[in-house]
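Trainee: Hi, I'm new to this one. Could you walk me through it?
Mentor: Sure, let's put it on screen.

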Amino acid sequence: MENCCESMVKYFMVLCNILFALAGLVLIGFGAYAQFEAKDYLNFLGDNYVNTPIFVIILGAVICAIALFGCCGAWHENKCLIYTYSAVLLIILIAQIGAGIAAFALKGDLKAEIVKNMNNGMKNYGAEGFEGVSTTWDLVQKELHCCGVETYGDWKNATTQFADGGVPDSCCKGGQVEGCGKAPVDKEKVFAEGCFSLFTDEFNSNLTIVGAVALGVAVGELIAIGFAFCLGKRVGRGGNYV
């Protein structure tokens, strides 16, 4: 019966680490998508958050490497590998908890940062040297079907370019057609809702999914650490050393 339980611990550890490796690959894929496909949206998050996708990619790569390390240690029942794996995984778990607490604490600051960057972007819309923020505003307004920060009227006070009451062509409901946003604006033909609430809702929904995945991984890591210590003790009582 003891040998059966010991084998179950070993194979459960291997299974956990395969799942960790898959979770790491998912994080790498998510980070790569955010970096290359959704990078324009990051302009609204500010300089402190713009490298977040790179951090996610690095975290996914580290999890994959640690998972491989754990699989080797469990499969070969190598005491040194198992305890090293447990220690490193414990450090990663503590870092994840710290990052989660920091992210929750800074949530309010992030909203203020988004509003500030949106308003600054509006002031520089269409200006030479600010093509990136102009592209971001056009993309967000077309994709989220919104206009301005709180309402389409924000553009009138943001820049002299739209002082006459016009809006960017990306605010038009019929698609971004040149000249469709010129004054006088037909309220029925432009998006009336502001982008801030829609952007933050979209961001928070994605953040909730990432947080749920991270919580699941953290619980799995905690269980894996416990089983790793059990397996390490068993190896210390006379298991195999490779």
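Trainee: Which residues of helix 5 are buried?
Mentor: Val133, Ser134, Thr136, Trp137, Asp138, Val140, Gln141 and Leu144. Buried means under 20% relative accessible area, exposed is over 50%, and partly exposed is in between, using a 1.4 Å probe and protein chains only. Helices are DSSP runs of H or I with at least four residues, numbered from the N terminus.

Trainee: Is this model predicted, and how are things counted?
Mentor: It's a predicted model, with residues numbered from 1 along each chain as its sequence is written. Local features need pLDDT of at least 70 and side-chain atom pairs count only at pLDDT 80 or more, while totals for chains, interfaces and linings use all residues, and side-chain values use heavy atoms, leaving out hydrogens and water.

Trainee: What's the mean pLDDT of the chain?
Mentor: The mean is 79, and 88% of the residues reach 70 or more. Over residues 238-242 the pLDDT is below 50, though that stretch has 12 contacts in the model beyond near neighbours in sequence. pLDDT is the predictor's confidence in each residue, from 0 to 100, and contact means heavy atoms within 4.5 Å.

Trainee: Back to helix 5. What comes just after it?
Mentor: His145, which takes a positive phi of about 55°.

Trainee: OK, cores. How many residues are in the largest nonpolar core?
Mentor: It has 25, and Trp137 and Trp155 are among those with the most contacts inside it. Helix 4, helix 5, helix 6 and helix 7 each give two or more residues to this core. A nonpolar core is a set of buried Ala, Val, Leu, Ile, Met, Phe, Trp, Tyr and Cys residues joined through side-chain atoms within 4.5 Å.

Trainee: What does Trp155 touch?
Mentor: Not counting residues up to four places away in sequence, its partners include Met122, Trp137, Phe162 and Val167.

Trainee: New topic: how many salt bridges does the structure hold?
Mentor: Just 1. Glu113 pairs with Lys116, with the closest N and O atoms 3.6 Å apart. The definition asks for a side-chain nitrogen of Lys or Arg within 4 Å of a carboxyl oxygen of Asp or Glu.

Trainee: Where do those two sit, and is Glu113 buried or exposed?
Mentor: Both lie in helix 4, 3 residues apart, about one turn of the helix. Glu113 counts as buried because its relative accessibility is 18%, whereas Lys116, at 43%, is partly exposed.
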